[in-house]
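User: I am new to this structure and should like to be guided through its helix packing and its ligand site. Please proceed by question and answer.

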Amino acid sequence: MRFLDRTAIVTGGGGHGLGGAIARSLAKEGARVAVADRDRDMAESVAAAITATGGEALPITVDVRRPDQVQAMAETASKAFGEPDILINNAFTSCPDSILEADLDDWTRDVDVILKGAFLCARAVLPAMLERGRGVIVSLSTVNAHTYVGASAYSAAKAGLESLSRSIAVEYARHGIRSNVVIPGTFATEAWELRRQRHPDILERLAHWYPTGRIGEVEEIAAAVLFLASDEASWITGATLPVDGGLLAGNPWFGRDAHPDEQPPHGGGAQ
Ligand SMILES: NC(=O)c1ccc[n+]([C@@H]2O[C@H](COP(=O)([O-])OP(=O)(O)OC[C@H]3O[C@@H](n4cnc5c(N)ncnc54)[C@H](O)[C@@H]3O)[C@@H](O)[C@H]2O)c1
């Protein structure tokens, strides 16, 4: 029970993918969790699942792009559970269109939800964290922030989110605040499920690119997020932790083509 007596806010916590899994995992380890999501039904469903298993959770409807709503979210969570100890920046949207095809409103929405949303959430929880001299922020980035995978707005916003996380880490380190990032690779969440309907083998094809030969399990992200949010990570701040099966480290296919006369590397069979 690493989070007994701690209050956590998970934005996008109503998501059936990583957000909901992180909210459930925090609650399982004793945290009182504000499940903050733009979609009220989804927030309620995750909060209900947590309370049904003996945990403490409160659904909060919020659009993280709206300063008034974000402030109200922090106040509602504080009133119900006590001042937030943990903020998880998880909410996101992503338009897949190429740079010339992207609609300006969609592009702006991705940046606003991911980057402005995280900024507003940090500003809403930091004053109380500073007052008590402790607090943790963990933000969900993506491998797209480090290597091209399309979705230019989403990728640029996540790269900005990583920078914002470092700014928070450095500006408030002396006040007991930590701020870190996890960089997920591919997980079989709802967004991928939709693509799978059109391309049934999409996840198998993606798995080939991973040095580990598979995509991730949602519990593997939750484990990393909880570690960074816990006191076990007490001297880790300003860090970015890939949870990506080695994807950002490289891939055996490039190595194989660069050294055609040598034995294929271990695990580097035919793609
Ligand atoms: N799923 C993956 O393979 C993958 C890969 C890399 C990174 N990530 C990152 O992990 C995180 C979770 O991804 P996921 O696919 O599991 O999604 P998820 O299941 O956690 O759902 C995201 C939630 O964000 C909410 N949301 C969207 N806009 C919002 C807004 N304006 N205000 C409040 N809530 C809003 C949605 O309603 C949704 O419930 C995201 O930050 C994503 O970028 C996911």
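The turns below concern a predicted model.

User: How are α1 and α8 oriented to each other?
Analyst: Helix α1 covers residues 18–28 and helix α8 covers residues 218–229. They pack at an angle of about 55°, with their axes 9 Å apart. Angles under 35 degrees count as roughly parallel and those from 65 to 115 as roughly perpendicular. The angle of this pair lies in neither range, and α1 and α8 are therefore oblique to each other.

User: Which residues of α8 meet α1, and how do the residues of the contact divide by class?
Analyst: On the side of α1, the contact involves L18, A21, I22, S25 and L26. Their partners in α8 are V218, I221, A222, V225 and L226. By class, the residues of this contact of α1 with α8 are nine nonpolar, one polar and no charged.

User: What is the handedness of the crossing in which α3 passes α4, and how is the contact of α3 with α4 composed by class?
Analyst: Helix α3 (residues 67–81) packs against helix α4 (residues 104–132) at about 40°, the axes being 9 Å apart. The crossing of α3 with α4 is right-handed. P67, V70, Q71, M73 and A74 of α3 make the contact with L120, C121 and A124 of α4. The classes in the contact of α3 with α4 are seven nonpolar, one polar and no charged.

User: Are α4 and α5 roughly parallel or oblique to each other?
Analyst: Helix α5 spans residues 152–172, and its axis lies 8 Å from that of α4. The packing angle of α4 and α5 is about 15°. Because angles under 35 degrees count as roughly parallel, α4 and α5 are roughly parallel to each other.

User: How many residues in the contact of α4 with α5 are charged?
Analyst: From α4, the residues that meet α5 include W107, D110, V111 and I114. From α5, those that meet α4 include Y154, K158 and L161. The contact divides into 16 nonpolar and two polar residues, and the number that are charged is two.

User: How many residues surround the ligand, and which are the closest?
Analyst: The ligand is surrounded by 29 residues. Two of the closest, Y154 and K158, also belong to the contact of α4 with α5. Another, L18, takes part in the contact of α1 with α8. In full, the closest are L18, D37, Y154, K158 and T189.

User: At what distance from an oxygen atom of the ligand does a polar side-chain atom of D37 lie?
Analyst: An oxygen atom of the ligand is 2.8 Å from a backbone N or O atom of G17. An N or O atom in the side chain of W192 lies 3.0 Å from a ligand oxygen atom. For the polar side-chain atom of D37, the distance to an oxygen atom of the ligand is 2.6 Å.

User: Where is H16 placed, and which residues does H16 touch?
Analyst: H16 sits in the loop between β1 (7–11) and α1. H16 is 30 residues from V46 in sequence, while their C-alpha atoms are 8.1 Å apart in space. Leaving aside residues up to four places away in sequence, H16 touches M42, S45 and E190.

Key:
Residues are numbered from 1 along each chain as its sequence is written. This is a predicted model: local features need pLDDT of at least 70, side-chain atom pairs count only at pLDDT 80 or more; totals for chains, interfaces and linings use all residues. Side-chain values use heavy atoms; hydrogens and water are left out. Axes are lines fitted to C-alpha atoms, for helices over the stretch in contact, and angles run from 0 to 180 degrees between N-to-C directions. Helices (H or I, at least four residues) and strands (E, at least two) are DSSP runs, numbered from the N terminus. Angles under 35 degrees count as roughly parallel, over 145 as roughly antiparallel, 65 to 115 as roughly perpendicular and the rest as oblique. Contact means heavy atoms within 4.5 Å. Ala, Val, Leu, Ile, Met, Phe, Trp, Tyr, Cys and Pro count as nonpolar, Asp, Glu, Lys and Arg as charged, and the others, Gly among them, as polar. A residue is near a molecule or strand if one of its heavy atoms lies within 4 Å of it. A polar contact is a pair of N or O atoms within 3.5 Å; within protein, one must be able to donate a hydrogen and the other to accept it, and residues adjacent in sequence count only if both atoms are side-chain atoms. A crossing is left-handed if the near helix is turned anticlockwise from the far one by less than a right angle, and right-handed if clockwise.
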